[in-house]
Amino acid sequence: MRFAPHFTLHLFAAMVFSAGCGADLEGPPDARPSMDAGVGDAHQNAPSDGAVVDGAVSPPMVPGCAGGDGLEEGEHRFSLEGLERRFILRLPGGYDPARSWPVVLALHANGNDITYWDRTGGFLDIRRTLTEEAVLVVVEAIDGQWRDYEMPSETWSDRAEVELRYLDEVISRVGAGICVDPRALFAMGFSGGGSFAGLLGCRRADIRAVAVGGAVGYFDPAECVGTPAAWITLGDLEITNARLAFRDLMRTRAGCAETSAPVAPAPCQAYDDCDEGTPVHFCPHVSGHVWPDIGNDGMWTFFRGFLDP
């Protein structure tokens with residue numbers, strides 16, 4: 001991995017993913033009835049490797065900030081472990097390699113593909129939300145499934161390891177080609193993509209925060225390396241024990257109380273007394289298993305709170 005040393009996602013490839021239990025069933029991108037089951041999510045803030053200059057901590061240097069290999073906006077393809085993989089890179093307007101930029105990894109819902117978050121218009125248009133703010137990296141699961149529920153459950157762990165090495169490679173390429181801030185790596189997703197984003201937050205000590213909708217746990221929380229900050233949204237019509245367990249585990253691991261107070265955007269709630277650096281917000285919405293219309297702005301407002309002024 002070519003980010004700063006503490007940003008090396010290969011550290012996580014040796015970790016074992018647990019199967020958990022559940023089921024995903026997504027439909028077309030804008031209306032995804034689904035059934036999910038599982039438990040858990042977690043993570044911890046990464047230390048900074050930056051230098052102190054005039055009392056301020058500068059971002060850790062990555063190859064892309066020193067010229068890098070160059071990485072154009074758009075779709076990128078590569079072969080890994082005998083599989084053809086791809087990702088889409090969207091640079092912020094006015095991208096300047098002299099500035100280190102936050103990175104948002106976007107994970108599609110199960111049963112979808114790389115176009116899910118790479119669109120203009122509609123409530124899945126995170127490109128508009130991030131256009132002047134952050135580097136967007138849209139990733140894609142094998143066969144469009146972060147967990148393939150048609151396969152035996154004993155295969156899920158190995159499949160997750162393969163996806164982990166894919167993400168290692170994607171982030172390595174991004175860090176080698178453009179200037180990013182390794183202290184500002186975020187992951188977001190919906191349904192199966194949200195569940196896998198939660199897994200990343202559990203297993204990766206450099207995932208600063210996650211934003212997920214309709215998610216369940218794809219892992220054993222006992223194997224987590226820490227606890228991420230989390231923004232979680234659920235529709236009134238998609239409430240299941242598994243989804244509530246995911247939310248509650250995130251809250252508990254972050255040291256939060258069960259009480260909460262209103263926070264923007266409405267009707268979100270911020271749990272009280274969370275550990276420093278790991279706030280957890282819960283945002284219910286009046287709908288079913290869909291990414292809500294408050295999702296994009298809510299996600300980025302939450303992530304932006306972790307950036308240097």
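Let's start at Pro292: with a relative accessible area of 4%, this residue is buried, because buried means under 20%. The model you are looking at is predicted. Pro292 sits in the loop between β12 and α6, and beyond its neighbours within four places in sequence it is in contact with Thr233 and His285. Gly235 is 57 residues from Pro292 in sequence, yet the two C-alpha atoms are 8.0 Å apart in space.

Follow the chain onward from that loop to helix α6, residues 295-304. Seven of its 10 residues are buried, so the helix is largely enclosed by the rest of the structure. Those buried residues are Gly295, Asn296, Gly298, Met299, Trp300, Phe302 and Phe303. What covers them includes the strands β5, β7, β8, β9 and β12, along with helix α2 (126-130).

Now turn to the sheet. Its 10 strands form an open arrangement with mixed pairing, in the order β3-β4-β6-β5-β7-β8-β9-β12-β11-β10. At the edges are β3 (74-80) and β10 (260-262), each of which pairs on one side only. On average, neighbouring strands are turned by 20 degrees against each other, direction ignored. Within the sheet, β9 and β12 pair in the parallel sense over six bridges; Ala230, for instance, has Val280 in β12 as its bridge partner.

Two more helices are worth finding here. Helix α5 (residues 241-253) packs on the sheet, where it touches β8, β9, β11 and β12, and its direction makes about 155 degrees with that of β9. Helix α3 (residues 156-177) lies across β3, β4, β5, β6 and β7, running at about 45 degrees to β4.

Methods
Residues are numbered from 1 along each chain as its sequence is written. This is a predicted model: local features need pLDDT of at least 70, side-chain atom pairs count only at pLDDT 80 or more; totals for chains, interfaces and linings use all residues. Side-chain values use heavy atoms; hydrogens and water are left out. Buried means under 20% relative accessible area, exposed over 50%, partly exposed in between (1.4 Å probe, protein chains only). Helices (H or I, at least four residues) and strands (E, at least two) are DSSP runs, numbered from the N terminus. Contact means heavy atoms within 4.5 Å. Two strands pair if DSSP finds at least two bridges between them. Axes are lines fitted to C-alpha atoms, for helices over the stretch in contact, and angles run from 0 to 180 degrees between N-to-C directions.
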